[in-house]
Amino acid sequence: MSGMIIYVFCSTRGRYGVVCKVVEIATGRVFAANFMSMRNKAQKNFFMSEYEVLRSLMRTEGALRIHDAFETERSLVFITELYPLETF
């Protein structure tokens, strides 16, 4: 998904940042984009650990699948599957 143009539908503030519902324009697939603010190196390390856990669980049935991740100057962004609210 890196380099693809996405369209942001809405956003919700979470504990560590903002979660947006996004659509990959080329395919029409819907994802969640988790924008997590990095205030210090400890937070970046925490989020990178989370990323590694998500990657290790990619083939596990029922686990959240991560499709892409990238870093900006102030944030880490994880592009993941979007689960309907009814599943929680």
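**Figure 1. Leucine 82, just past the last strand.** A residue counts as buried under 20% relative accessible area, as exposed over 50%, and as partly exposed in between. Leucine 82 has a relative accessible area of 37%, so it is partly exposed. You'll find leucine 82 in the segment after β5. Leaving out residues up to four places away in sequence, leucine 82 touches Lys21, Val30, Phe31 and Ala32. As for isoleucine 66, its C-alpha atom is separated from that of leucine 82 by 9.9 Å, with the two residues 16 apart along the chain. Keep in mind, here and in every view below, that this is a predicted model.

**Figure 2. The whole chain, for orientation.** Before the other close-ups, here's the layout. The chain has one helix and five strands, and going from the N terminus the order reads β-β-β-α-β-β. Of the 88 residues in the chain, 28% are buried. Among contacts with a separation of 6 or more, 35% are between residues 24 or more positions apart. Now for confidence: the mean pLDDT of the chain is 79, and 82% of the residues score at least 70. Strand β1 (residues 6–13) is where confidence is lowest, with a mean of 67, while β5 has the highest, at 88. Where pLDDT is low, predicted coordinates shouldn't be read in detail.

**Figure 3. The β2–β3 hairpin.** Strands β2 (residues 17–24) and β3 (residues 30–37) run antiparallel and are joined by seven bridges. One spot to pick out is valine 23, which stands opposite valine 30 in β3. Five residues lie between the two strands of the hairpin, and glycine 28 takes a positive phi near 80°. Why is strand β2 described as largely enclosed by the rest of the structure? Because six of its eight residues are buried.

**Figure 4. Asparagine 34, a buried polar side chain in β3.** Staying with strand β3, this view centres on asparagine 34. Buried or exposed? Asparagine 34 has a relative accessible area of 17%, so it falls on the buried side of the 20% cut-off. Its side chain makes a polar contact with the side chain of threonine 80, at 3.5 Å. Setting aside residues up to four places away in sequence, asparagine 34 touches Val18, Val19, Leu76, Val77, Phe78 and Thr80.

**Figure 5. Two nonpolar cores.** In soluble globular proteins, nonpolar side chains tend to be buried together. Here the largest nonpolar core has eight residues: Met36, Met38, Phe47, Tyr51, Leu54, Ile66, Leu76 and Phe78. The elements giving two or more residues to this core are α1 and β5 (75–80). Helix α1 is the top contributor, with three residues. Apart from this core lies another one, made of seven residues, including Val18, Val22, Val77 and Ile79.

**Figure 6. Methionine 38 and its contacts.** This close-up picks one member of the largest core, methionine 38. Which residues does methionine 38 touch, not counting those up to four places away in sequence? They are Gln43, Lys44, Phe47, Glu71, Thr72, Glu73, Arg74, Ser75 and Leu76. Two of these names, Lys44 and Glu71, come back in Figure 8, where they pair in a salt bridge.

**Figure 7. Glutamine 43 and the backbone of arginine 39.** Glutamine 43 sits in helix α1. With a relative accessibility of 17%, glutamine 43 counts as buried. A polar atom of the glutamine 43 side chain lies 2.7 Å from the backbone nitrogen of arginine 39. Beyond its neighbours within four places in sequence, glutamine 43 is in contact with Ser37 and Met38.

**Figure 8. The salt bridge between lysine 44 and glutamate 71.** Side chains of opposite charge can pair when their charged atoms come close. In this view the side chains of lysine 44 and glutamate 71 meet in a salt bridge, at 3.0 Å from N to O. The pair ties together distant parts of the chain, with lysine 44 in helix α1 (residues 41–56) and glutamate 71 in strand β4 (residues 66–71), 27 residues apart. How exposed are the two partners? Lysine 44 has a relative accessible area of 28%, which means partly exposed. Glutamate 71, at 45%, is partly exposed as well. The salt-bridge count for this model comes to one.

Conventions. Residues numbered from 1 in each chain as written. Heavy atoms only, no water. Salt bridge = Lys/Arg side-chain N within 4 Å of Asp/Glu carboxyl O. Helix = DSSP H or I, 4+ residues; strand = E, 2+ residues; numbered from the N terminus. Buried < 20%, exposed > 50% of the residue type's maximum accessible area, 1.4 Å probe, protein only. Core = buried A, V, L, I, M, F, W, Y, C linked by side-chain atoms within 4.5 Å. Contact = heavy atoms within 4.5 Å. pLDDT = per-residue confidence, 0-100. Polar contact = N/O pair within 3.5 Å; in protein donor to acceptor, adjacent residues only side chain to side chain. Pairing = 2+ DSSP bridges.
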